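Let's take a walk through this model together, starting with a pocket and moving on to a sheet. Please keep the structure open beside you as you read.

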Amino acid sequence: MTNLNLPPKGRTHRCAPTIFYWACAESRVETGQHAVASLRQKLVLAKNWNMFQILLLDQNVAFCRQTGVFLERAGFHTEIATHGEQALAKLAEQHMDLILLDIPDGWTFLDTLRSAGDETPVLALSAQQEKGTLYRSFQLGADDFMYKPPDETELLLRIRALLRRAKIA
């Protein structure tokens, strides 16, 4: 095995603007919840994401708060809006790098956003398990789609992929 000169296990190595976390520097196979927790920990600390603004648009305030807390722990700044007009006002006040949008409630907002030429990446979330909801979201301009409740690790991966594809990250 090649010596990679990694910091000791559990230590953080800082190098601006990226933060690497070597919790599992040793070679071993992880299974079950430990693997998921380890991956989540690596994802949260893999890069300094705290410069990115995410707008959460959902009528369910509890869901927004829970998701907002998770994303802030992952290093993102979040803003919450409970309806489309409030979201548009927040977008007029400050730049957002990504929008997490409840569907089907957010379809009108999404249509308004895309009609105005705004190309901010949008990740649509829906509790409805119907394919029509997914299809309509993409037709209106969503960049990605997940069913509620989203898996936290998958949500982080998708957010980072959207930011990367938008050449923001």
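Four nonpolar, seven polar and four charged residues make up the lining of the largest pocket in this predicted model. That lining comprises 15 residues, and the pocket encloses a volume of about 180 Å³. If you would like to find its centre, look for Leu-57, His-83, Gly-84, Asp-105 and Phe-109, the lining residues that lie nearest to it. Helix 3 (84-93), strand 5 (98-103) and helix 4 (107-115) are the elements that give two or more residues each to this lining.

Now for the sheet. Five strands form an open sheet in the order 4-3-5-6-7, and their pairing is parallel. Strand 4 (77-81) and strand 7 (144-147) stand at the edges with a single partner strand each, so one side of each has no neighbour in the sheet. On average, neighbouring strands are turned by 20° against each other, direction ignored.

Strand 5 and strand 6 (residues 122-126) run parallel and are joined by five bridges. Here you can spot Ile-99 opposite Val-122 of strand 6.

Two helices pack on this sheet, as set out below.

| Helix | Strands touched | Angle between directions |
|---|---|---|
| Helix 4 | strand 3 (53-57), strand 5, strand 6 | about 140° with strand 5 |
| Helix 5 (residues 131-140) | strand 5, strand 6, strand 7 | about 155° with strand 7 |

Helix 4 brings the two topics together: this helix touches strand 5 in the sheet, and both helix 4 and strand 5 give residues to the lining of the largest pocket.

Note on methods. Residues numbered from 1 in each chain as written. Predicted model: local features only at pLDDT ≥ 70, side-chain atom pairs only at ≥ 80, totals over all residues. Heavy atoms only, no water. 1 Å grid on protein atoms, 1.4 Å probe; cavity = no way out; pocket = protein on both sides within 12 Å on 5 of 7 lines; lining within 4 Å. Points joined across faces, edges and corners; volume = space filled by probe spheres on them. Helix = DSSP H or I, 4+ residues; strand = E, 2+ residues; numbered from the N terminus. Nonpolar A, V, L, I, M, F, W, Y, C, P; charged D, E, K, R; others polar. Pairing = 2+ DSSP bridges. Axes fitted to C-alpha atoms, helices over the stretch in contact; angles between N-to-C directions. Contact = heavy atoms within 4.5 Å.
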